[in-house]
Amino acid sequence: MEWLQQLVNGISLGSIYALIALGYTMVYGIIKLINFAHGDVFMLGAFIGFYAIARWDIGFIPALIISMLLCAIIGVIIERVAYKRLRNATRIAALITAIGVSLLIEYTVIFFRGASPEAYPEVMANKSISIFGASISSQSIMILAVTIVLMILLQFIVHKTKIGKAMRAVSHDADAARLMGINVDNTISATFAIGSALAGAAGVIFGIYYTRIDPLMGVLPGLKAFVAAVLGGIGSIPGAMVGGLVLGVVETIVSAIGYSLWRDAAAFVILILILILKPSGIFGKNAREKV
Amino acid sequence: MKKSKAFWGFLVLALVIYAVVQGMISGGMLDLYYQNILIQMCINIMLAVSLHIVIGITGQFSIGHAGFMAVGAYISAIATMKLGLPLIVAILLGAVISALAGLLVGIPTLRLKGDYLAIATLGFAEIIRIIFLNVEYVGGAAGMVVTNMTTWTYAFVGVVITILVIANFTNSRHGRGCISIREDEIAADAMGINTTYYKVVAFTIGSFFAGIAGAIYAHNFFIIQPTTFNFLKSFDILIYVVLGGLGSLSGSAIAAIFLTLVSAYLANFPETRMIIYSVVLIIVMLYRPTGLMGTKEITSLFKFGKKGGSKV
């Protein structure tokens with residue numbers, strides 16, 4: 001039953017990756033930009049949740065909502081200030097700006113509160129339930145529940161609402177969408193808001209699950225979530241979910257068989273294999289390059 | 001004739017700079033702190049110029065340059081510390097192995113484009129770092145103790161060779177091939193240029209010189225650790241190239257000199273340094289996406305002056 005246990009751990013980790021990866025994949029799908037600052041929005045979400053729970057003494061669900069709202073606002077500000085001017089710039093310029101924004105967020109946080117880590121407060125009693133001999137903590141169940149709720153919500157927004165329809169239209173063809181009377185700028189901002197809100201939620205969940213947060217914590221999960229997005233097929237929402245879960249489970253298995261120091265390398269090996277063998281990812285469409 | 005004039009001019013200038021600085025060191029005018037800054041500057045110039053050939057000349061966006069620097073650093077450290085080879089052999093060995101690593105990484109990844117290439121190189125650099133982290137032979141996470149052997153002479157000769165080789169490469173037939181890939185890969189392909197070959201060549205040369213820089217770096221401090229070569233180091237190198245001008249060798253060298261001074265000045269305020277770096281990076285990208293010098297070289301400024309003079 002060791003394996004079932006590891007599988008549960010892997011799915012918990014994978015759900016966090018999946019939530020971050022959704023933001024990457026939505027933003028990439030709509031403006032073809034790898035938003036390097038996304039991992040740092042995740043970090044900000046964790047800190048907002050921390051201050052909300054530890055200082056203002058509010059419960060888990062309100063803290064989660066506050067964190068998501070503030071992250072959505074931060075995401076829109078980043079988009080409006082830094083990325084909006086770069087719509088027609090070269091890909092390299094956009095990518096470097098994204099790296100710049102990422103460094104700026106990290107070191108501004110360090111500048112104001114120092115680089116020391118923070119211990120997340122306990123928000124729920126850590127009971128374990130034993131199923132088939134594997135003990136599953138209530139936190140794992142909470143992570144899974146929050147992730148599933150958020151993903152159903154996201155599916156609803158993307159497929160059933162007007163803004164979701166606009167998002168799909170813009171990611172399909174921005175110029176044609178503009179001709180059809182869709183406000184492309186607002187749609188892109190909405191995409192950033194939703195993606196950043198999901199990252200904020202992932203931040204709070206990460207803090208509760210791993211209990212340790214620091215200003216540079218967003219870098220590695222951010223990169224791995226990007227790997228998850230590529231694995232699932234960048235631009236595809238179900239792809240990001242599946243990619244995140246697969247990556248989480250693979251990482252946990254690599255740790256479980258005794259190579260925990262190689263865990264981080266596993267993600268990058270997956271990335272390189274998928275880029276070389278099937279760059280469009282599991283769910284991606286094969287795009288042909290036009291001259 | 002014209003080209004050889006520039007070549008000899010550069011060599012004479014290099015000799016003069018070398019003689020002046022060496023004179024100041026021998027005369028005791030520069031203490032160890034300033035010597036260290038000068039060596040650091042040389043290392044950064046080498047790194048910037050070796051990344052310039054990949055990003056600036058060939059237009060391939062690599063953000064994993066610190067990985068090759070790590071290969072050069074560790075291989076040369078093994079050569080001197082464990083095998084007892086002389087430093088010069090160690091530097092060459094480090095550079096050659098680093099070039100081989102570049103070749104191995106380059107062949108599969110350079111088929112990718114743009115963002116995907118950037119992420120793949122970043123991934124490879126992280127894998128290289130994690131390998132060194134896990135090999136007990138080189139000390140694992142604690143790092144490896146290396147004797148301080150680098151002198152100003154080694155560092156400066158390294159810079160001169162790096163700049164000469166890369167400048168000559170850029171002006172050669174191969175360099176023009178690489179520039180054509182930067183300008184338009186599909187058109188270059190259609191003109192019969194073997195784009196994969198030139199991309200891999202540029203990448204390998206870039207990693208060779210990154211290996212030299214890494215070897216000199218390894219012997220400048222007393223310890224090398226895997227965390228030194230993480231992606232923040234890669235971003236540092238990237239910032240030199242981008243700020244100096246994508247496609248300008250002198251621009252990236254000048255940016256490397258300038259930013260080394262800035263970071264030495266702000267050594268006690270690392271956060272402030274990174275905030276300034278990132279703000280400058282964002283502003284440059286928003287208002288001048290080609291970098292400060294664009295694709296111009298510093299020598300072209302003088303040429304412009306000469307032209308104006310001859311008219312009068």
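Here are legends for four close-up views of this predicted model.

**View 1. Helices α2 and α8 of chain A cross each other.**
Two packed helices are described by the angle between their axes and the distance between the axes. Here the pair is α2 (residues 38–54) and α8 (residues 184–210) of chain A, with axes that come within 7 Å and cross at roughly 55 degrees. At that angle, α2(A) counts as oblique to α8(A), and the crossing is right-handed. On the α2(A) side, look for A:H38, A:V41, A:F42, A:M43, A:L44, A:G45, A:A46, A:I48, A:G49 and A:F50. Facing them from α8(A) are A:G195, A:S196, A:A199, A:G200, A:A201, A:A202, A:G203, A:V204, A:F206 and A:G207. Sorted by class, this contact has 12 nonpolar and 8 polar residues, and no charged ones.

**View 2. A:P121 sits in a loop of chain A.**
The loop in question runs between β1 (118–119) and β2 (128–131) of chain A. Is A:P121 buried or exposed? It falls in between: A:P121 counts as partly exposed because it has 16 C-beta neighbours inside 10 Å, whereas 20 or more would make a residue buried. Setting aside neighbours within four places in sequence, A:P121 is in contact with A:I53 and A:A54. Those two partners carry the numbers of the C-terminal stretch of α2(A), which covers residues 38–54. A:G207, one of the α8(A) residues in the contact of View 1, also belongs in this frame: its C-alpha atom is 8.7 Å from that of A:P121, although the two are 86 residues apart along the chain.

**View 3. Helix α3 of chain B is mostly covered.**
Of the 18 residues in α3(B), 16 are buried. For a quick check on the helix (residues 65–82), take 1.5 Å a residue: the expected span is 26 Å, and the end C-alpha atoms are 25 Å apart, so the two agree. Just after α3(B) comes B:G84, with a positive phi of about 70 degrees.

**View 4. Chain B meets chain A.**
How many residues does each chain put into the contact? Chain B brings 31 and chain A brings 33. On the chain B side, the elements giving two or more residues are α5 (114–134), α10 (231–244) and α12 (270–287). The top contributor there is α5(B), with 13 residues. By class, the chain B side splits into 23 nonpolar, 5 polar and 3 charged residues.

Methods:
Residues are numbered from 1 along each chain as its sequence is written. Chains are lettered from A and ligands numbered from 1 in the order in which they are written. This is a predicted model: local features need pLDDT of at least 70, side-chain atom pairs count only at pLDDT 80 or more; totals for chains, interfaces and linings use all residues. Axes are lines fitted to C-alpha atoms, for helices over the stretch in contact, and angles run from 0 to 180 degrees between N-to-C directions. Helices (H or I, at least four residues) and strands (E, at least two) are DSSP runs, numbered from the N terminus. Angles under 35 degrees count as roughly parallel, over 145 as roughly antiparallel, 65 to 115 as roughly perpendicular and the rest as oblique. A crossing is left-handed if the near helix is turned anticlockwise from the far one by less than a right angle, and right-handed if clockwise. Two residues are in contact if their C-beta atoms, placed from the backbone, lie within 7 Å. Ala, Val, Leu, Ile, Met, Phe, Trp, Tyr, Cys and Pro count as nonpolar, Asp, Glu, Lys and Arg as charged, and the others, Gly among them, as polar. The expected span of a helix is 1.5 Å times one less than its number of residues. A residue is buried if 20 or more other C-beta atoms lie within 10 Å of its own, exposed if 12 or fewer, and partly exposed in between; C-beta atoms are placed from the backbone.
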